[in-house]
Amino acid sequence: MRQVLPAGHAVKVYGISSATLNQGQWVFAFDLQGSPFAAVGEPRGAFSGLAVVQGSDEHTALAARIEQERQAALEAERKRAAEERKAWEEAEAAQRKRAAEHFSSVERVLTSGVVLQGVYIDEGTLSRQRHQIEVSFSDYDAASGTFKARMTWQSGAILALDGKADDKTLSMVETAWIANPRGSGVAFQRYDGTILGHGIDGITCRNANFDGQCSAAASRFSLGLPE
């Protein structure tokens, strides 16, 4: 608050005083002229809570304390953000390391029992529709490089696939519906993927067999470790 008048200040007022004799009794009245108290404020005692006078030592100390608390809050926020950043970077590094180890060999990918999660992106639509998918592997034969797979879509559809793999690539062909809740009549297709340090990236092929070059469809897929 701001002090407008010193303690003990007297305010001069003007008005009209009247006295009326009524049944033997004098009745006095005073009609105040103007607004002499408009700029005098309120007594300090009328202010409750934390109230200091602007420019006073009290005010200076309070401002310094508020600034100190503000700086402490900023420092605490910077520390919290740095700790969160560090934790995120460490988690990311651990995930990259885990992915690099998992995708270091096709045998590890196909025999670990880990269900890969990823996305199927339909590049043939204006909105590039994305569908969440999960793929599990089984029955890997190292001598022939063949395996079985099961692909689950976010729609609830489940497909069985046959696969072939070498050191850094794998192909999977849809062979049968395990679940087809929407009664889809979409033709089966092939998935040709490359095993990278972070996961498996690839394209889909219209030819639902392992023969010949991939007749590329307008879609691609990506698989990685679950978070």
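1. Met172 is a good place to begin reading this predicted model, for, once its neighbours within four places in sequence are left aside, Met172 is in contact with Val135, Phe137, Phe147, Ala149, Met151, Leu161, Asp162, Gly163, Gln189, Arg190, Tyr191 and Phe210.

2. Met172 also belongs to the largest nonpolar core, a set of 27 residues in which Phe137, Phe147, Met172 and Ile200 are those with the most contacts inside the core. Helix H2 (106–111) gives two or more residues to this core, and so do several strands, among them E3 (116–122), E4 (130–141), E5 (146–153), E7 (169–179) and E10 (216–224). As a general background, nonpolar side chains tend to be buried together in soluble globular proteins.

3. Thr204, which lies in strand E9 (residues 200–205), deserves a separate look. Is Thr204 buried or exposed? Thr204 counts as buried because its relative accessibility is 0%, where buried means under 20%. The side chain of Thr204 makes a polar contact, at 2.3 Å, with the side chain of Ser219, and, beyond its neighbours within four places in sequence, the residues in contact with Thr204 include Tyr120, Tyr191, Cys214 and Phe221.

4. Turning to the whole protein, one finds 2 helices and 10 strands, which follow the pattern β-β-α-α-β-β-β-β-β-β-β-β when read along the sequence.

5. Of the 227 residues in the protein, 23% are buried, while the exposed area is about 15200 Å², with carbon and sulfur atoms supplying 52% of that area. If one considers the contacts between residues at least 6 apart in sequence, 35% of them join residues at least 24 apart.

Notes. Residues numbered from 1 in each chain as written. Predicted model: local features only at pLDDT ≥ 70, side-chain atom pairs only at ≥ 80, totals over all residues. Heavy atoms only, no water. Helix = DSSP H or I, 4+ residues; strand = E, 2+ residues; numbered from the N terminus. Buried < 20%, exposed > 50% of the residue type's maximum accessible area, 1.4 Å probe, protein only. Contact = heavy atoms within 4.5 Å. Areas by Shrake-Rupley, 256 points an atom, 1.4 Å probe, with all protein chains shown as cover. Polar contact = N/O pair within 3.5 Å; in protein donor to acceptor, adjacent residues only side chain to side chain. Core = buried A, V, L, I, M, F, W, Y, C linked by side-chain atoms within 4.5 Å.
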